[in-house]
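Biologist: I am new to this structure and would like a close look at a single part of it. Please take the nonpolar core and the residues around it, and then say how the helices elsewhere pack.

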Amino acid sequence: MRSIWNGAISFGLVSIPVKLVNATESHSISFRQIHAEDNGRIRYRKVCELDDREVSTAEIGKGYEDADGTVIPITDEDLAHLPIPTTRTIEIVAFVPADRIDPLQMGTVYYLAVGAAPAAKPYTLLREALKRGNKVAVAKYALRGRERLGMLRVVGDALTMHGLLWPDEVRAPEGVAPDEKVTVRAKELDLADALMDTLGDVDLDDLHDEYRAALEEVIAAKAAGEALPETPEPETGGKVLDLMAALENSVRAARASRGDAKAPEKGAPEKKAPEKGTAARKAAERKTAEKKVTEKKAAEKKAAGKKAAERKPPVRKAAQRSAQKTAAQEERKSGRKPPAKKAAPRKTPA
């Protein structure tokens, strides 16, 4: 990768020679301006106003126009004499937690490559210090004619630098949020949570530029003289009158796209999907609970049977009483009186 800037990171009294390399690239399709009648290229020519002639890039320099219209030429040599230390140095001014940096300030990102072999040790030292402290470095540097703010952080085994806007370059969000007071119901928040859970997480590597792919398809069809692909009909939207219904339909559609057709009941919050990796644990817990309930029921049944057995009279005594009752009934029917019991013989005193 071609470097766009050579300098050094100033880390206290430590100097780390580095090269600045673009970390991103654009894959967007660019168009040329053409004359619609004959497809001729439209070009912009750089013309000197005084000479009224076109000039080449090598003849073009930089100049500052004063308030009275006077132009003061500025050369690269003049810029090299700027009275600041960041002309060829990324000067680290602080180390802060990453959440201290507002994402609104982040801009272009660069890789910081080692500029020379001796820089490997201090480069690795700074990288490991940022890792262990779980921090990022705030730095100043000069690039393309102006001093800029940057944030150094670790990505893999490399140091990267995000260009940052100065705090006063970020506009306040005045007039952006709605002025009227809006009340959001708990059920609406529950459905919004259900929708977020249903949509779930995503691997950013799986996302791609569908617009660019469709544009390439149109260009290929046009070049081959074939019919252009059909544009899908847009979904009928319109004004949302019932927010609850819209949320319910959104959850239903999201679940259907993932193969789960079950939709939330109207007006009821959607149950959140279980976290990944807990299904086996919950099944084991449920099985253990069912086993405990079964054992408890068996113990209760055994105890109840034991109590019933204790209350039941012995079989022999019950049979004797039943036989005596039957004999008494037969004697009453025959009119006979039961024989009187013999009195026990009295004992005579000696």
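Modeller: Contact here means heavy atoms within 4.5 Å. The model is a predicted one. With that in mind, start at Tyr111, which lies in strand β8. Leaving aside neighbours within four places in sequence, Tyr111 is in contact with Met1, Lys19, Leu20, Val21, Asn22, Ala23, Leu159 and Thr160. Its relative accessibility is 32%, so Tyr111 counts as partly exposed. Val18 is 93 residues away from Tyr111 along the chain, yet the C-alpha atoms of the two are separated by 9.5 Å.

Val18 leads to the core itself. The largest nonpolar core has 20 residues, and those touching the most other members are Ile9, Val18, Ile90, Leu112, Leu126, Leu152 and Met161. Two or more residues each come from β1 (3–11), β2 (14–22), β7, β8, α2 (120–133), β9 (135–143) and β11 (158–164). The largest share belongs to β9, which gives 4 residues. In soluble globular proteins, nonpolar side chains tend to be buried together.

Met161 shows the surroundings of one such member. Setting aside neighbours within four places in sequence, Met161 is in contact with Leu20, Ile90, Thr108, Val109, Tyr110, Leu112, Tyr141, Gly150, Met151 and Leu152. There is also a second, separate core of 7 residues, with Val96, Val136, Val138 and Leu149 among them.

Leu149 appears again in the contacts of Gln105. This residue is in the loop between β7 (89–97) and β8 (106–114). Buried means under 20% relative accessible area, and Gln105 counts as buried because its relative accessibility is 14%. Apart from neighbours within four places in sequence, Gln105 is in contact with Leu149, Gly163, Leu164, Leu165, Trp166, Pro167 and Val170.

Now to the helices. Helix α3 (residues 186–199) packs with helix α5 (residues 243–257) at an angle of about 20 degrees, and their axes are 9 Å apart. The angle makes α3 roughly parallel to α5. Their crossing is left-handed. On the α3 side the residues are Lys187, Glu188, Leu191, Ala192, Ala194, Leu195, Thr198 and Leu199, and they meet Leu243, Met244, Leu247, Glu248, Ser250, Val251, Ala254 and Arg255 in α5. By type, the residues of this contact divide into 10 nonpolar, 2 polar and 4 charged.

How values were computed
Residues are numbered from 1 along each chain as its sequence is written. This is a predicted model: local features need pLDDT of at least 70, side-chain atom pairs count only at pLDDT 80 or more; totals for chains, interfaces and linings use all residues. Side-chain values use heavy atoms; hydrogens and water are left out. Axes are lines fitted to C-alpha atoms, for helices over the stretch in contact, and angles run from 0 to 180 degrees between N-to-C directions. Angles under 35 degrees count as roughly parallel, over 145 as roughly antiparallel, 65 to 115 as roughly perpendicular and the rest as oblique. A crossing is left-handed if the near helix is turned anticlockwise from the far one by less than a right angle, and right-handed if clockwise. Ala, Val, Leu, Ile, Met, Phe, Trp, Tyr, Cys and Pro count as nonpolar, Asp, Glu, Lys and Arg as charged, and the others, Gly among them, as polar. Buried means under 20% relative accessible area, exposed over 50%, partly exposed in between (1.4 Å probe, protein chains only). A nonpolar core is a set of buried Ala, Val, Leu, Ile, Met, Phe, Trp, Tyr and Cys residues joined through side-chain atoms within 4.5 Å.
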